[in-house]
Amino acid sequence: WCLWLELTLTLIRFHDFEGKWYGLIDDALIFIVLAGVIEISFQIDINANLFSSKYANRFLIGFGMSVVALLLLHIFYWWKLGASKRYSTRRIWSYGLALAVLCVTMVDPTNPMYVVLSVCLSSMIMLYVSCVSFRVHPLSHSSNEHVHNHAYHIFCLESIVERFGIFSMIVIGESILALLISPDPQSFIRYICVYFAFGLLFTFQLMYFGSHAEEGCHALHKLGFPGSVFWIFIHLPLSTGLLFVGIGLHLLVTFADLEFVPPQISIVLVVSTMCTIVNYHILRRCHDKFQLSIPSLLRVLPILICPVCLFVTLDSFGVILWCFIITVCSWFFDVILIKEYETKPIWMSHHQNHCEFQFHPEEYNPLYLPYDSFLFCRNYDGE
């Protein structure tokens, strides 16, 4: 995920160079990054032990190859693009420090734990610098000029949002593909499990794209917390949760013929489903468009009910159906609450001149009760 984020930001923030040789150098370094990622993917095998010295060292080689290519790529940007010197300098220092941390493996090259430790520390360094690069400048809200002419406007917002949406779709698609490597179905119940598993993942897709905010009200334009930096970071646990949803579905479909599934197997899907729903709520709170209200307390019910199935005797189909119903209920609350109760009126937004949605008091739900209405005594007109 860290390497994907680094490569995505590089491709979005830096465009193609003019000139045959400059473009050739740029493309060659990007392909080296991809080669390192491919080398990493070759070490991830269900029959391979990643913590053995053989696979760990090759994993380290692929990761180091990608970091070196990113370092050389930003050195090239620093040399060729004068306007990006400050940005590239910060990136050069981060990649250089990440490479220095990878040298921790020299303490004991035969111990795979040093490889895991060095890779994790290097990823944390690069991830921190990447997330911090999304900070919103305080002066971006101090000018009255048009937002698209502002010096601190984020021009690549649509591309960034699009890439994160595509990545989420890829993770959901990989979870579906994980069901295809299960043993050949021997009973009708396995077909039913696959159908409801697809419905579960499709509902997650609806929940993600239902949390979209327009430009000007998006988290990448928000100065406060949770805002732009947290919106980028929350995609990491969100992607991890979706990945474990696929793992849990694969385990349950594999053991679909059992009359009773032990909690050690079903807990993977149940906990990952609950965490994914929570991450969707947090992701929505990062935007300036949404807020909490009293009816939002209904969202707690599916999260609290979800782990109950661990204490009930169920087979694989029962666990998948349980998680599917919980997810559909959470999505149903999204459909009702987001539009009627959790969308901020225009007078409560920090970007009143730039939001694309409009607030009409006569059309607003009369049961609208934001959690701060009792403190500030705001009426529907915002006075």
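**Close-up views of a predicted helical protein**

**Figure 1. Helices α8 and α11 are roughly antiparallel to each other (angle over 145 degrees).** The model is predicted: local features need pLDDT of at least 70, side-chain atom pairs count only at pLDDT 80 or more, and totals for chains, interfaces and linings use all residues. Residues are numbered from 1 along each chain as its sequence is written, and side-chain values use heavy atoms, without hydrogens and water. Helices here are DSSP runs (H or I, at least four residues), numbered from the N terminus. Helix α8 covers residues 228-254, while helix α11 covers residues 316-340. The angle at which α8 and α11 pack is about 150 degrees, and their axes (lines fitted to C-alpha atoms over the stretch in contact, with angles from 0 to 180 degrees between N-to-C directions) are 8 Å apart. On the α8 side, Leu-249, Leu-252 and Val-253 make contact (heavy atoms within 4.5 Å) with Ser-316, Val-319 and Ile-320 of α11. Five of these residues are nonpolar (Ala, Val, Leu, Ile, Met, Phe, Trp, Tyr, Cys or Pro), one is polar (the others, Gly among them) and none is charged (Asp, Glu, Lys or Arg).

**Figure 2. Ser-239 occupies a buried position in helix α8.** The relative accessibility of Ser-239 is 9%, and this residue therefore counts as buried (under 20% relative accessible area, with a 1.4 Å probe and protein chains only). When residues up to four places away in sequence are not counted, Ser-239 touches Trp-1, Phe-167 and Val-171.

**Figure 3. Helices α3 and α4 pack against each other.** Helix α3 spans residues 53-80 and helix α4 spans residues 85-102. The axes of these two helices lie 9 Å apart, and the angle between them is about 155 degrees. Because of this angle, α3 is roughly antiparallel to α4. The residues of α3 in this contact include Leu-60, Phe-63, Val-67, Leu-70, Leu-71 and Trp-78. Among those taking part from α4 are Lys-85, Tyr-87, Arg-91, Ile-92, Tyr-95 and Leu-99. Sorted by class, the contact of α3 with α4 comprises 15 nonpolar, five polar and two charged residues.

**Figure 4. Leu-70 in helix α3 is buried.** The relative accessible area of Leu-70 is 0%. Once neighbours within four places in sequence are left aside, Leu-70 is in contact with Glu-6, Thr-10, Val-33 and Tyr-95. The view also shows a separation along the chain: Leu-70 and Thr-10 are 60 residues apart in sequence, yet 8.7 Å apart in space, C-alpha to C-alpha. Tyr-95 belongs to α4 and is one of the residues where that helix meets α3.

**Figure 5. Phe-209 of helix α7 is partly exposed (between 20% and 50% relative accessible area).** Helix α7 comprises residues 188-209. The relative accessible area of Phe-209 is 41%. Apart from residues up to four places away in sequence, Phe-209 touches Gly-165 and Met-169. Between Phe-209 and Ser-168 there are 9.8 Å in space, C-alpha to C-alpha, with the two residues 41 positions apart in sequence.

**Figure 6. The whole protein chain has 12 helices and zero strands (E, at least two residues).** Read along the sequence, the pattern is therefore helix after helix, from α1 to α12. The chain has 383 residues, of which 46% count as buried. Among contacts in the chain with a separation of 6 or more, 79% come from residues 24 or more positions apart.

Key:
Angles under 35 degrees count as roughly parallel, over 145 as roughly antiparallel, 65 to 115 as roughly perpendicular and the rest as oblique.
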